[in-house]
Amino acid sequence: MRARLPAQRPRKRFGQNFLHDRGTIERIIRAVDPRPGDALVEIGPGRGAITIPMLSRAESLIAVELDRDLVPLIRAACDGLGNLQVIQADAMALDFCSLNTGLPLRLVGNLPYNISTPLLFHLLGQAGCIGDMHFMLQREVVERMAAQPGGRTYGRLSVTVQYRCKVESLFTVGPKAFRPAPAVESAFVRLTPYQKLPWSAQDEGALDRVIRATFAQRRKTLRNSLHGLLSADEMTQAGIDPSLRPELLNVASFVRLADRLAQSGRNDS
């Protein structure tokens with residue numbers, strides 16, 4: 001018998017858009033492929049649209065929910081389906097690595113679109129304890145994460161995510177799959193953190209500083225946007241043409257610039 005979803009009106013202040021389309025839910029479950037023994041963590045279970053089928057298959061799940069009124073409802077909806085632990089907390093402030101599952105975490109969630117980008121940066125900082133991430137996001141955000149050098153959507157998010165993870169855009173979802181229907185299309189994405197980074201920066205603080213500086217002035221050449229951090233000669237020594245704009249550089253090129261900055265001793269200045 002299919003578990004019944006609890007009744008709860010979406011709250012705008014929490015950015016809630018509850019997924020209800022059965023076909024989309026089934027596609028998500030097939031993509032995640034939850035199994036017994038997985039260290040599943042769902043961010044924002046909402047009314048349990050994907051919590052219930054994931055818990056039924058995996059037998060154990062941790063749910064992180066900010067809305068305290070939803071906590072007892074989701075517990076009741078999942079009663080008898082498996083071992084459900086609900087943490088009433090803000091995912092933006094949660095140390096996911098402290099969950100101590102003993103296994104790499106498998107994060108899943110229909111993320112609130114108003115906080116998705118800062119939440120992604122928060123999670124990337126904890127990638128060492130994460131096996132994979134499956135998220136529903138605004139389509140434009142997924143396009144930015146998966147963008148390749150040379151395009152208008154390629155930017156800070158693209159480089160930062162691709163430095164840490166393999167990015168797979170799996171499928172798009174129309175607004176009618178949610179209540180209330182958002183004003184934008186959505187996309188479901190898989191992020192798989194690299195066990196060994198393809199391009200490992202000597203100082204990741206320097207890498208973040210270079211990425212921020214270049215894309216804060218993306219219409220300027222590297223010579224201008226990195227003025228004060230690296231000289232044109234130092235960029236050339238790193239194998240990078242200082243006359244280029246940042247959207248033309250791949251991740252490996254940003255790492256070379258960051259390593260040159262780290263070697264210069266100016267990163268903390």
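Why is helix H2 largely enclosed by the rest of the structure? Here are some friendly notes to read beside the model, beginning with the basics and coming to that helix in point 3.

1. **What you are looking at.** This is a predicted model, in which local features need pLDDT of at least 70, side-chain atom pairs count only at pLDDT 80 or more, and totals for chains, interfaces and linings use all residues. Residues are numbered from 1 along each chain as its sequence is written, and side-chain values use heavy atoms, with hydrogens and water left out.

2. **The overall build.** The protein has ten helices and nine strands. Helices (H or I, at least four residues) and strands (E, at least two) are DSSP runs, numbered from the N terminus. The radius of gyration, taken over C-alpha atoms, is 21 Å, which agrees with the value near 18 Å that a compact globule of 269 residues would have. That globule rule is 2.2 Å times the number of residues to the power 0.38. Along the principal axes, the C-alpha atoms fill a box of roughly 70 × 40 × 30 Å. Of the 269 residues, 49% count as buried. Buried means under 20% relative accessible area, exposed means over 50%, and partly exposed is in between (1.4 Å probe, protein chains only).

3. **Helix H2, an enclosed helix.** Back to the opening question: six of the eight residues of H2 (residues 51-58) are buried, so the helix is largely enclosed by the rest of the structure. The buried ones are Thr51, Ile52, Pro53, Met54, Leu55 and Ala58. They pack against helix H1 (22-32), strand S2 (39-43), strand S3 (60-65), helix H3 (70-77), strand S4 (83-88) and strand S5 (105-110).

4. **Thr51, a closer look at H2.** Thr51 is found in helix H2 and is buried, with a relative accessible area of 0%. Leaving out residues up to four places away in sequence, Thr51 touches Glu42, Pro45, Leu61, Ile74, Cys78 and Leu84. A contact here means heavy atoms within 4.5 Å.

5. **Two positive phi values.** Just after H2, Glu59 takes a positive phi of about 75°. Glu59 is found in the loop between H2 and S3, and at 48% relative accessibility this residue counts as partly exposed. Asp33 also has a positive phi, near 55°, in a residue other than glycine. Look for Asp33 in the loop between H1 and S2, where it counts as partly exposed at 35% relative accessibility.

6. **Strand S9 and its partners.** S9 (residues 186-193) is mostly covered, with seven of its eight residues buried. Strand S6 (residues 130-138) pairs with S9 in the antiparallel sense over six bridges. Strand S7 (residues 165-173) also runs antiparallel to S9, and eight bridges join them. Two strands pair if DSSP finds at least two bridges between them. Try finding Phe188 in S9: its bridge partner is Met136, and Phe171 stands opposite Phe188 as well.

7. **Ala187, within S9.** Is Ala187 buried or exposed? At 1% relative accessibility, Ala187 counts as buried. Its C-alpha atom is separated by 5.7 Å from that of Met136, although the two residues are 51 apart along the chain. Not counting residues up to four places away in sequence, Ala187 touches Phe135, Met136, Leu137, Gln138, Arg139, Val142, Phe171, Thr172 and Val173.

8. **A cis peptide bond.** The peptide bond from Arg179 to Pro180 is cis, with omega near -10°. Pro180 is found in the loop between strand S8 (178-179) and S9.

9. **Arg260 in helix H10.** Arg260 is found in H10 (residues 251-264). At 19% relative accessibility, Arg260 counts as buried. Among residues over four places away in sequence, Arg260 touches Leu230, Glu234, Gln237 and Ala238.

10. **Contacts along the chain.** Take the contacts between residues at least 6 apart in sequence: 67% of them join residues at least 24 apart. The contact of Ala187 with Met136 is one to look up in the model, as these two residues are 51 apart along the chain.
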